[in-house]
Amino acid sequence: MKNNQRLVVLDVRTVSEYETGHIPGSVHIPLGELAARHTELNPNVPVVCVCSGGFRSLQAGQLLVAEGFDRVMNLEGGLVGYDGPWDPE
């Protein structure tokens, strides 16, 4: 993100969690909906999966890799340790 690299920040938290605040510009697809909605994402663009602590985003990344995405990352430690820009609702 610091190099203005094109990427998608995928927030897989619940609706209520997302509404409490999120990374500006992030795409919100709750983990439970990702299997049905992964086609909304471009597999040619790197995806950074995020959740509160890192476990759900790890699962999301695994699902995306299984669907053919090859540039998938997980925000280590989740949003608990994130200190970048934040967009409270």
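Me: Of the 89 residues of the protein, what percentage count as buried?

Reply: The model is a predicted one. A residue counts as buried when its relative accessible area is under 20%. Of the 89 residues of the protein, the share that meets this condition is 36%.

Me: In what order do the elements of the protein run from the N terminus on?

Reply: The protein contains three helices and four strands. Read from the N terminus on, these elements follow the order β-α-β-α-β-α-β.

Me: What is the radius of gyration of the protein, and what does the globule rule give for 89 residues?

Reply: The C-alpha atoms fill a box of roughly 30 × 30 × 20 Å along the principal axes. The protein is as compact as a globular protein of its length, because its radius of gyration is close to the value from the globule rule. The radius of gyration is 12 Å, and the rule for 89 residues gives 12 Å.

Me: Which elements each supply at least two residues of the largest nonpolar core?

Reply: The largest nonpolar core has 13 residues, and those that touch the most other members are Leu10, Leu34, Leu41, Val47, Cys49 and Leu64. The elements that each supply at least two residues of this core are strand S1 (8–11), strand S3 (47–50) and H3.

Me: Which residues does a second, separate core of five residues include?

Reply: Leu10, a member of the largest core, has contacts that include Val27, Ile29 and Val48, leaving aside residues up to four places away in sequence. A second core, of five residues, is separate from the largest one. Among its members are Val9, Ile23, Val50 and Leu79.

Me: How many disulfides does the count come to?

Reply: A disulfide requires two cysteine sulfur atoms within 2.5 Å. The closest cysteine sulfur to that of Cys49 is in Cys51, and at 9.1 Å it is too far for a bond. Cys49 is buried at 0% relative accessible area, and Cys51 also counts as buried, at 2%. The count of disulfides comes to zero.

Me: Is Ser57 buried or exposed?

Reply: Ser57 lies in helix H3, which spans residues 55–66. Its contacts, not counting residues up to four places away in sequence, are Val12, Cys49, Val50, Cys51 and Asn74. Because its relative accessible area is 1%, Ser57 is buried.

Me: With which side chain does the side chain of Ser57 make a polar contact?

Reply: Asn74 is one of the residues that Ser57 touches. At 2.3 Å, the polar contact of the Ser57 side chain is with the side chain of Asn74.

Definitions and conventions
Residues are numbered from 1 along each chain as its sequence is written. This is a predicted model: local features need pLDDT of at least 70, side-chain atom pairs count only at pLDDT 80 or more; totals for chains, interfaces and linings use all residues. Side-chain values use heavy atoms; hydrogens and water are left out. Buried means under 20% relative accessible area, exposed over 50%, partly exposed in between (1.4 Å probe, protein chains only). A polar contact is a pair of N or O atoms within 3.5 Å; within protein, one must be able to donate a hydrogen and the other to accept it, and residues adjacent in sequence count only if both atoms are side-chain atoms. Contact means heavy atoms within 4.5 Å. A nonpolar core is a set of buried Ala, Val, Leu, Ile, Met, Phe, Trp, Tyr and Cys residues joined through side-chain atoms within 4.5 Å. The radius of gyration is taken over C-alpha atoms; the globule rule is 2.2 Å times the number of residues to the power 0.38.
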